[in-house]
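What follows is a walk through one protein model, from single residues to cores, cavities and pockets. Please look at the sequence and the structure before reading on.

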Amino acid sequence: MSTSAALKPAPAQPDLAAVKQRQQGAWSSGDYAVVGTTLQIVGEQLCEALDLRAGSKVLDVAAGNGNATLAAARRWCDVTSTDYVPALLKRGQERAAADHLTVEFREADAEALPFADSSYDVVVSTFGVMFTPDQDKAASELARVCKSGGKIGLANWTPQGFIGQLFKTIGKHVAPPAGVKSPALWGTQARLEEMFITKASEISAEPRMFVFRYRSPEHWLDVFKSYYGPMLKAFAALDETGQAALRRDLMTLLGEFNHADDGTVVVHSEYLEAVITRR
């Protein structure tokens with residue numbers, strides 16, 4: 001090793017607390033529930049993949065407006081729904097009340113869950129825990145609160161899928177936090193094995209498709225730009241010229257994925273559905 005290489009300073013570690021604070025601000029902006037409610041089928045399918053049994057104690061982590069929460073509650077499970085954005089928990093509460101479902105809602109950080117070890121039979125997260133800045137810490141928490149022989153069920157966008165490419169496109173215009181791993185890594189078998197292999201007796205993962213359906217490309221962009229926090233914040237960070245460039249790239253991306261030929265939007269977005277059995 002050369003002297004210059006030996007003296008080269010180590011790369012600065014990201015301030016994960018600051019990243020989390022910014023992310024919390026992003027997810028608190030807009031109204032993610034407007035987008036989240038369209039994803040309900042993913043929660044239903046995940047609960048079926050987990051073969052949920054009535055009476056099971058289920059924890060939904062980074063639950064958003066409660067898609068997996070409601071799906072588990074419909075299967076007569078004892079559900080605790082958590083998120084670090086109070087407004088999203090409120091939307092979940094409203095949905096549960098409308099369907100007369102009994103659910104406990106609690107504000108909680110996915111990287112520091114306020115529950116004892118082995119508290120739950122099943123732990124789930126749909127497009128939620130994947131956005132934590134400290135991925136290994138979050139994975140460790142999911143495993144910690146899940147009992148031995150229990151299951152962890154995840155739905156995570158893949159890097160090559162539409163949402164994975166959406167974040168890549170946004171990242172070309174507004175740089176993501178330096179040193180923080182891409183959320184889309186949660187949508188790969190390799191990363192799941194890295195995080196869970198020592199805590200799991202089995203890791204089963206299958207690619208699935210969610211289909212976004214909107215009135216038109218402009219309708220999709222308007223909804224995401226207005227209500228999907230990360231995109232809302234991206235546009236807010238750019239000047240008029242930058243916003244126009246981002247808009248062009250997003251519409252190009254949408255065109256590449258859109259299967260519809262009638263002016264509407266039918267976009268197949270790949271995600272990884274994972275069922276992890278706790279050792």
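Does phenylalanine 127 count as buried or exposed? The model is a predicted one, and in it phenylalanine 127 has a relative accessibility of 7%. Buried means under 20% relative accessible area, so phenylalanine 127 counts as buried. Phenylalanine 127 sits in the loop between β4 and α7 (135-145). Its phi is near 50°, which is a positive value in a residue other than glycine.

Serine 118 offers another case of a positive phi in a residue other than glycine, with a value near 55°. This serine belongs to the loop between β3 and β4 (120-126). Serine 118 counts as partly exposed, because its relative accessibility is 45%. A positive phi, near 65°, is also found at tryptophan 76, which follows α5.

The helix α5 itself is mostly covered, with 7 of its 8 residues buried. Those buried residues are Asn67, Ala68, Thr69, Leu70, Ala71, Ala72 and Ala73. The helix falls inside a span named in a record: UniProt lists residues 59-152 as "domain: Methyltransferase type", in an unreviewed entry. The end C-alpha atoms of residues 59-152 are 9 Å apart, and the span is 34% helix and 29% strand.

Next come the enclosed spaces. How many cavities of 30 Å³ or more does a search of the whole structure find? The search finds 2. The largest cavity has a volume of about 310 Å³. It is lined by 25 residues, and those closest to its centre are Ala62, Asp83, Tyr84, Phe127 and Gly128. Phenylalanine 127, the buried loop residue from the start, is thus one of them. The largest share of this lining, 3 residues, is provided by α2. By class, the lining of the largest cavity consists of 14 nonpolar, 7 polar and 4 charged residues.

The second largest cavity has a volume of about 60 Å³. Phenylalanine 127 lines this cavity too, along with Trp27, Tyr32, Val35, Leu39, Phe131, Trp157, Ile163, Phe212, Phe224 and Tyr228. Its lining has 11 nonpolar residues, with no polar and no charged ones.

One residue of that lining, tyrosine 32, can be followed further. Tyrosine 32 is part of helix α3 (residues 32-36). With a relative accessible area of 10%, tyrosine 32 is buried. Leaving out residues up to four places away in sequence, tyrosine 32 touches Trp27, Leu39, Asn65, Leu88, Tyr227 and Tyr228. Glutamate 48 is 16 residues from tyrosine 32 along the chain, and their C-alpha atoms are separated by 25 Å.

The nonpolar cores form another part of the interior. Which residues have the most contacts inside the largest nonpolar core? They are Trp186, Phe196 and Trp220, in a core of 65 residues. Tryptophan 220 touches Phe162, Leu166, Tyr214, Met231, Leu250, Leu254 and Val265, not counting residues up to four places away in sequence. A second core, separate from that one, has 20 residues, among them Val58, Ala96, Phe105 and Val275.

The open spaces remain. The largest pocket holds about 790 Å³ of space. Of the 32 residues that line it, Gln23, Phe167, Pro176, Pro177 and Pro230 lie nearest its centre. Elements that give two or more residues to this lining are α2 (16-28), α8 (162-173) and α11 (229-236). The largest share, 7 residues, comes from α8. The lining of the largest pocket divides into 21 nonpolar, 7 polar and 4 charged residues. Helix α2 therefore has a place at this pocket, as well as giving the largest share of the lining of the largest cavity.

About 160 Å³ of space lies in the second largest pocket. At least two residues of its lining come from each of α5 (67-74), β2 (78-83) and β3 (103-107). The lining includes Ala73 and Arg74, together with Trp76, Cys77, Asp78 and Val79. His100, Leu101, Thr102, Val103 and Glu104 line the second largest pocket as well. Its residues comprise 6 nonpolar, 2 polar and 3 charged. Two residues met earlier return in this lining: Ala73, which is among the buried residues of α5, and tryptophan 76, which has the positive phi near 65°.

Technical notes
Residues are numbered from 1 along each chain as its sequence is written. This is a predicted model: local features need pLDDT of at least 70, side-chain atom pairs count only at pLDDT 80 or more; totals for chains, interfaces and linings use all residues. Side-chain values use heavy atoms; hydrogens and water are left out. UniProt positions are given in the numbering used here, feature names are shortened, and annotations may be inferred rather than shown by experiment. Helices (H or I, at least four residues) and strands (E, at least two) are DSSP runs, numbered from the N terminus. On a 1 Å grid over the protein atoms alone, a cavity is a set of points where a 1.4 Å probe fits but cannot get out, and a pocket is an open set with protein on both sides within 12 Å along at least five of seven lines; lining residues have an atom within 4 Å of a point. Grid points are joined across faces, edges and corners, and a volume is the space filled by probe spheres set on the points. Ala, Val, Leu, Ile, Met, Phe, Trp, Tyr, Cys and Pro count as nonpolar, Asp, Glu, Lys and Arg as charged, and the others, Gly among them, as polar. Buried means under 20% relative accessible area, exposed over 50%, partly exposed in between (1.4 Å probe, protein chains only). A nonpolar core is a set of buried Ala, Val, Leu, Ile, Met, Phe, Trp, Tyr and Cys residues joined through side-chain atoms within 4.5 Å. Contact means heavy atoms within 4.5 Å.
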